[in-house]
Amino acid sequence: MARVTVEDCIDKVDNRFELVLLAAHRARMISSGSQITIDRDNDKNPVVALREIADETVSPEDLEEDLIHSLQKYTEVDEPEPESAPMIAAGETGSGDDSDIVFDRMTEEELLAGLQGLEPPDRRDEEEG
């Protein structure tokens with residue numbers, strides 16, 4: 001059988017770097033006991049992995065998904081988040097509208113005057129000491 005080259009696999013996986021990552025991951029899977037999908041023909045695991053990709057007996061998309069999953073340290077589970085505070089019914093607040101809420105308003109001039117009056121903490125310590 002002819003040797004497997006990158007050109008045999010490049011039409012299955014467009015990026016050569018990605019091909020190397022996928023083939024290396026598949027070779028590690030074979031080393032750890034995963035079943036091979038082709039005849040070994042006395043080839044080593046990286047060559048078997050490349051031949052599997054070239055013969056399309058393993059899907060590059062599945063290999064990529066498995067590689068990503070193996071590198072993840074935290075797997076996000078899609079579960080609804082518990083509510084942090086219970087909702088208050090409209091009848092419990094009295095009037096039920098938001099007219100009781102009061103916001104403090106500050107003009108731009110007041111904000112600038114307040115910011116100009118601030119000093120860094122190290123300057124205040126030097127002046128007091």
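Me: By the salt-bridge rule, how many salt bridges does the count come to?
Reply: Happy to start there: this is a predicted model, in which local features need pLDDT of at least 70, side-chain atom pairs count only at pLDDT 80 or more, and totals for chains, interfaces and linings use all residues. Residues are numbered from 1 along each chain as its sequence is written, and side-chain values use heavy atoms, leaving out hydrogens and water. The rule asks for a side-chain nitrogen of Lys or Arg within 4 Å of a carboxyl oxygen of Asp or Glu. By this rule, the number of salt bridges is 4.

Me: Which residue forms a salt bridge with Arg26?
Reply: The closest N and O atoms of this pair are 2.5 Å apart. The pair links distant parts of the chain, 26 residues apart, with Arg26 in helix α2 and its partner in helix α3. Both residues are buried, that is, under 20% relative accessible area, where exposed is over 50% and partly exposed lies in between (1.4 Å probe, protein chains only). The partner of Arg26 is Glu52.

Me: What is the relative accessible area of Glu52?
Reply: Glu52 sits in helix α3; helices here are DSSP runs of H or I with at least four residues, strands are E runs of at least two, and both are numbered from the N terminus. Leaving aside neighbours within four places in sequence, Glu52 is in contact (heavy atoms within 4.5 Å) with Arg26, Ile30, Ile36, Thr37, Ile38, Thr57 and Val58. Glu52 counts as buried, and its relative accessible area is 0%.

Me: Which residues do salt bridges that share partners join into one network?
Reply: Start with the side chains of Arg51 and Asp41, which meet in a salt bridge at 3.4 Å, N to O. Arg51 lies in helix α3 and Asp41 in the loop between α2 and α3, so the pair ties together parts that are 10 residues apart in sequence. Arg51 is buried at 6% relative accessibility, whereas Asp41 is partly exposed at 48%. Through shared partners, the network joins Asp41, Asp43 and Arg51.

Me: How far apart are the end C-alpha atoms of helix α4?
Reply: Let's work out the expected span first, which is 1.5 Å times one less than the number of residues. For the 12 residues of α4 (residues 60-71), that should give 16 Å. The model agrees, with the end C-alpha atoms apart by 16 Å.

Me: Within what arc do the buried residues of α4 fall, seen down its axis?
Reply: The residues concerned are Pro60, Leu63 and Leu67. Taking directions from the helix axis to the C-beta atoms, they line one face of the helix, because they fall within an arc of 60°.

Me: Which residues are exposed on the other side of α4?
Reply: The buried residues of α4 pack against α2 (16-31) and α3 (45-54). One of them, Leu63, touches Leu22, His25, Arg26, Met29, Ile53 and Val58, not counting residues up to four places away in sequence. On the other side, the exposed residues are Glu61, Asp62 and Glu65.

Me: Which helix supplies the largest share of the largest nonpolar core?
Reply: Such a core is a set of buried Ala, Val, Leu, Ile, Met, Phe, Trp, Tyr and Cys residues joined through side-chain atoms within 4.5 Å. Of its 13 residues, Cys9, Val13, Leu19, Leu22, Ile53 and Leu63 touch the most other members. At least two core residues come from each of α2, α3 and α4. The largest share, 5 residues, comes from α2.
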